[in-house]
Number of protein chains: 2
Amino acid sequence: MSDVTTPKRGRPGYDQAAILEIAVLAFNEYGYDATSMGVLASRLTLSKAAIYHHFSSKEELLQLALDHALGGLEGLLLEPGAATGAAIDRLAHVLRGAVHVLADRLPYVTLLLRVRGNTDVERQALTRRRAFDRAVATLVTAARDEGSLRADIDPAVVTRLLFGMVNSIAEWYRPTGPTDAAHLANDVLAVALNGLRTPA
Amino acid sequence: MSDVTTPKRGRPGYDQAAILEIAVLAFNEYGYDATSMGVLASRLTLSKAAIYHHFSSKEELLQLALDHALGGLEGLLLEPGAATGAAIDRLAHVLRGAVHVLADRLPYVTLLLRVRGNTDVERQALTRRRAFDRAVATLVTAARDEGSLRADIDPAVVTRLLFGMVNSIAEWYRPTGPTDAAHLANDVLAVALNGLRTPA
């Protein structure tokens, strides 16, 4: 979906990915509308021309950033663990993967979660995000229909609750904190699928 | 915690609670900082003096609104179902109650969830919210220690995940929609405590 890779730290100067990462942090801190290319240039101690060498517009920065978040999520659906096997296992694979995408691409996913649809780029991102949510809801329904999930739940509501839980991680997770993404994914699956109660 | 009651609809004129409700809707729509008393007055088609007859300041409106949200949550902890019995049942009581408080006081809780601590009133609200979260985390720990919850979970992380899930409801729940609060609370408990998986 996107050829943006995680920027390598500690390099002299800025490549495209490093500029994008700093732009995303600024968008999250000040808001996209309030972050002008001039603000970005001064934050990068680059000229605006140097930024325009890599990106045609501020909107292109936004688009690439949202692509990076959405591409990570959409890519999960194409993985073998999400495409074959029992629906319950495919659902678990996608939930676990979504926690890792969130942890690995935290500022990008944070930006995605704040998108409200004010521009074409944002509206396209919302459309892709809804398509991803629908794919997960389809997995929840399939897992219910195969008898793996309780029949008394509403798949649409449960999908919203599951992503409400996963997305809320963006509000407090810090990669340098005590909780690593793998443990976090385990706790999410414990809450979401197996339940917190001790098995009877 | 608060003597603000849900405003009665369809009454002629505005009492204190009705003005507060409309103010909270405006705070949520435009942001607290961007909503002046003049904006409120024109939205209410009242004079500013008529608002000041009920409220000393915009900050008092904010404080009463946050009190209404926090009072609902804090009140749960004082209910018999939260105070006595097995920790797992007390936790379930508080989670179910939190969904009802959110549904019944939706704009107030929405406002609370957006508070970032820019003023003394907001900081006091954040302090109370953290104390509530700590009380729930204590219940999660007690439920784990009594053997009701899995031992391999981190109570602090799980508490955050549970409230991430509950709070996310504010983003999509509408009282007029097809999902009523009681069913929603059931789905939350299904996800949170019993797990979605079919009992073995």
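**Entry 1: across the interface.** I began with charge pairs between the two chains, and the rule finds zero salt bridges across the interface of chain A and chain B. I kept in mind that this is a predicted model. Next I looked up polar contacts, and the count between chain A and chain B is zero residue pairs, with both residues required to be at pLDDT 80 or more. That cut-off matters for how I read the zero, since side-chain atom pairs count only at pLDDT 80 or more, while interface totals use all residues.

**Entry 2: what the contact is made of.** Which elements of chain A give two or more residues to the side that touches chain B? I found helix 9 (155–168) and helix 10 (181–194). Sorting that side of chain A by class gave me 17 nonpolar, eight polar and six charged residues. I noted that chain A puts 31 residues into the contact, and chain B puts in 31 residues. Together the two chains bury about 3,000 Å², with 61% of it on carbon and sulfur atoms.

**Entry 3: how the copies are related.** I superposed chain A on chain B: a rotation of 180° does it, with 0.0 Å of shift along the axis and an RMSD of 0.0 Å. I wrote this down as the relation of a two-fold axis. I also checked the two sides against each other, and 100% of the interface residues of chain A are interface residues in chain B too, so the copies meet through the same surface.

**Entry 4: the annotated stretch.** The UniProt record, an unreviewed entry, puts a "DNA-binding region" on residues 36–55 of chain A. I looked at the backbone there: residues 36–55 of chain A are 75% helix and 0% strand, and the end C-alpha atoms lie 14 Å apart.

**Entry 5: salt bridges inside the model.** How many salt bridges does the structure hold over all chains? I get ten. One of them joins the side chains of R43(A) and E29(A), at 3.1 Å from N to O. R43(A) sits in helix 2 (residues 37–44) and E29(A) in helix 1 (residues 16–30) of chain A, so this pair ties together parts 14 residues apart in sequence.

**Entry 6: a look around A137(A).** I placed A137(A) in helix 8 (residues 120–145) of chain A. Setting aside neighbours within four places in sequence, A137(A) is in contact with P155(A) and T159(A). I also checked L91(A): A137(A) and L91(A) are 46 residues apart in sequence, and 9.3 Å apart from C-alpha to C-alpha.

Notes:
Residues numbered from 1 in each chain as written. Chains lettered and ligands numbered in written order. Predicted model: local features only at pLDDT ≥ 70, side-chain atom pairs only at ≥ 80, totals over all residues. Heavy atoms only, no water. Contact = heavy atoms within 4.5 Å. Buried area = accessible area lost by both parts, 1.4 Å probe. Salt bridge = Lys/Arg side-chain N within 4 Å of Asp/Glu carboxyl O. Polar contact = N/O pair within 3.5 Å; in protein donor to acceptor, adjacent residues only side chain to side chain. Helix = DSSP H or I, 4+ residues; strand = E, 2+ residues; numbered from the N terminus. Nonpolar A, V, L, I, M, F, W, Y, C, P; charged D, E, K, R; others polar. Least-squares fit on C-alpha atoms with pLDDT ≥ 70 in both. UniProt positions renumbered as here; feature names shortened; annotations may be inferred.
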